[in-house]
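Hello,

Here is the structure I promised to hand over. Please open it first, then read the notes below.

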Amino acid sequence: MLDPQPVDLSTIEPTPDSVFLGVDGAVRAPGVDAGVALHYGSPLREGRDVDEGRAVVDLSSWGVARVTGPDRLTWLNSLASQRLDNLASAPAGAQKTAARALFLNLQGRIDFDVRVVDDGEATWLVTEPGYVGSLVEWLNKMRFMSQVEVTDVTADWAVVGARFALREKLAGVASALAADADAWGPVVCDPWPEVCEGGWPYGPVGDEHPGSEGDWFFSPVKRSRMPELLSAVQEAGLRIGGLMAYEQVRIAAWNPSVRTEVDYKSIPHELDLLRSATHLNKGCYKGQETVARVHNLGHPPRRIVFLDLDGSEHTLPAAGAEVKSGDRTVGTVTSAVLHHDAGPIALAVIRRNVGVDTELTVVAGEQEYQALQTVIVPPTAGNVVGRPKDVGRLGPGMGKDLRG
């Protein structure tokens, strides 16, 4: 099976400027997000508004693909880590079932992370910025004899996001939009951090997980209707948050991002993505052997952690800053943000064997930040079945793990 080439986000052209960038106070985001606002002048207030379900976030830099054809769900199911052949269309007006799925390479490492929903005529794939082109190219190479067509529709469809509590109000702010089926795509509700059917949590479940406090949804909107949506949002008194507001909510919920927490060797276990993006009993898919092997007989070599950072420096470490235990480098900060309540927080990926009570320091150049670790994936994660004595050490990508 073909593996896609790694996505270099620095080479991806940003989507065209969103009409939301014309809002007073808007500050343009950098890089592949340059078509949308990083914030609108008050990132902490915006973060609180988004977190409490009062504000919508313009995610026009995200990608949207559509898969059509009679084989689309069974075909996608054969490629993805999550079960997708059960995404049957709900009755008109009812909430559609949505999923989060990973596309892995042969070694079980993460290539793509998508949110998926089917409207009865097409399957919609929503991706983080910069990935949709490579995803569509790879999927088209994997069609073989299947009756499917895969199209990048990002040029025509933008994405907005918010807490699920805001969904009905958002859909109702513009009667013309709400009544026009061609203006809205199907709502994609991110299942994180739900433990989906066939999933397995390594971290806390239920109310003990910080992400349980509110669902997040993504809604494709015709780009041609975005000015109308903006006007309706403003007239209805709803608020708008920038990407920094979205990051506050995402990081506080321990929700991994494919462009920050994932690198060339990431496997789902390390990021607690077995809970909502992986089905352990659905059958074969690319990378399934590594997923099953590490979960049943081994341990993920690294683990994601949440960090409360010392805020006395009034700065934040950049992604890539070293996480140290004493003089030893044990991991890397993957994303950091100033949260409206918690102050400076971050996600990091560290070595599995780092103790849960180990004192950690984040080092960014000459700046050091004391970091309090909250365990997401424990060092004991995996080895559910237990490794027999005659089975060798396991690791992702090892071709001869079982010695018999």
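**Salt bridges**

Glu 149 is partly exposed, at 45% relative accessibility. Its side chain meets that of Arg 143 in a salt bridge, with 3.2 Å from N to O. Arg 143 is partly exposed too, with a relative accessible area of 26%. Elsewhere, salt bridges that share partners link Asp 33, Arg 100, Asp 113, Arg 115, Glu 128, Asp 190 and Arg 259 into one network.

Please keep in mind that this is a predicted model. Every value here is computed from it.

How many salt bridges does the count come to? The count is 25. The general idea is simple: side chains of opposite charge can pair when their charged atoms come close.

Arg 54 is worth a look, as it takes part in two of the pairs described here. One partner is Asp 49, with the closest N and O atoms 2.9 Å apart. The other is Glu 52, at 2.5 Å from N to O. Is Asp 49 buried or exposed? Asp 49 counts as buried, because its relative accessibility is 2%. Arg 54 is partly exposed at 34%. Glu 52 is also partly exposed, with a relative accessible area of 45%.

**Helices H3 and H8**

Start with H3, which covers residues 132–141. Which of its residues are buried? They are Val 132, Leu 135, Val 136, Trp 138 and Leu 139. These residues span an arc of only 165 degrees around the axis, so they sit on the same side of H3. A general point helps here: an α-helix has 3.6 residues a turn, so residues three or four places apart point the same way.

What do the buried residues of H3 pack against? Their partners are strand E4 (63–68), helix H2 (72–79), strand E5, strand E6 (110–118), strand E7 (123–127) and strand E8 (149–152).

Now go to H8, at residues 288–297. Its buried residues are Thr 290, Val 291, Val 294, His 295 and Leu 297. They pack against strand E5 (98–104). E5 is also on the list of elements that the buried residues of H3 pack against.

**Loops and backbone**

Three loop residues stand out for their backbone. Each is easy to find in the viewer.

- Phe 144 lies in the loop between H3 and E8. Its phi is positive, at about 50 degrees, although Phe 144 is not a glycine. Phe 144 counts as exposed, at 64% relative accessibility.
- Trp 254 lies in the loop between helix H7 (243–252) and H8. Its phi is also positive, near 60 degrees, and Trp 254 is not a glycine either. Trp 254 counts as buried, at 7% relative accessibility.
- Pro 193 is in the loop between strand E10 (188–190) and strand E11 (216–222). The peptide bond from Trp 192 to Pro 193 is cis, with omega near 0 degrees.

**His 340**

Where is His 340 found? It is in the loop between strand E15 (328–339) and strand E16 (343–351). His 340 is buried, with a relative accessible area of 11%. Its side chain makes a polar contact of 3.2 Å with the side chain of Asp 51. Another polar contact, of 3.0 Å, joins the side chains of His 340 and Gln 248. Leaving out residues up to four places away in sequence, His 340 touches Leu 44, Gly 47, Arg 48, Asp 51 and Gln 248.

**Cysteines**

How many disulfides are there in the whole structure? The search finds 0. Why is Cys 189 not in one? The closest cysteine sulfur, in Cys 196, is 10 Å from the sulfur of Cys 189, which is too far for a bond. Cys 189 is buried, with a relative accessible area of 18%. Cys 284, by contrast, counts as exposed, at 65% relative accessibility.

**The annotated domain**

One record entry to add. UniProt, in an unreviewed entry, places the feature "domain: Aminomethyltransferase C-terminal" at residues 302–371. In the model, this span is 0% helix and 61% strand. The C-alpha atoms at its two ends lie 18 Å apart. His 340 and its loop between E15 and E16 belong to this part of the chain.

Best wishes

Methods:
Residues are numbered from 1 along each chain as its sequence is written. This is a predicted model: local features need pLDDT of at least 70, side-chain atom pairs count only at pLDDT 80 or more; totals for chains, interfaces and linings use all residues. Side-chain values use heavy atoms; hydrogens and water are left out. UniProt positions are given in the numbering used here, feature names are shortened, and annotations may be inferred rather than shown by experiment. Helices (H or I, at least four residues) and strands (E, at least two) are DSSP runs, numbered from the N terminus. A salt bridge is a side-chain nitrogen of Lys or Arg within 4 Å of a carboxyl oxygen of Asp or Glu. Buried means under 20% relative accessible area, exposed over 50%, partly exposed in between (1.4 Å probe, protein chains only). Contact means heavy atoms within 4.5 Å. A disulfide is a pair of cysteine sulfur atoms within 2.5 Å. The arc is that of the directions from the helix axis to the C-beta atoms. A polar contact is a pair of N or O atoms within 3.5 Å; within protein, one must be able to donate a hydrogen and the other to accept it, and residues adjacent in sequence count only if both atoms are side-chain atoms.
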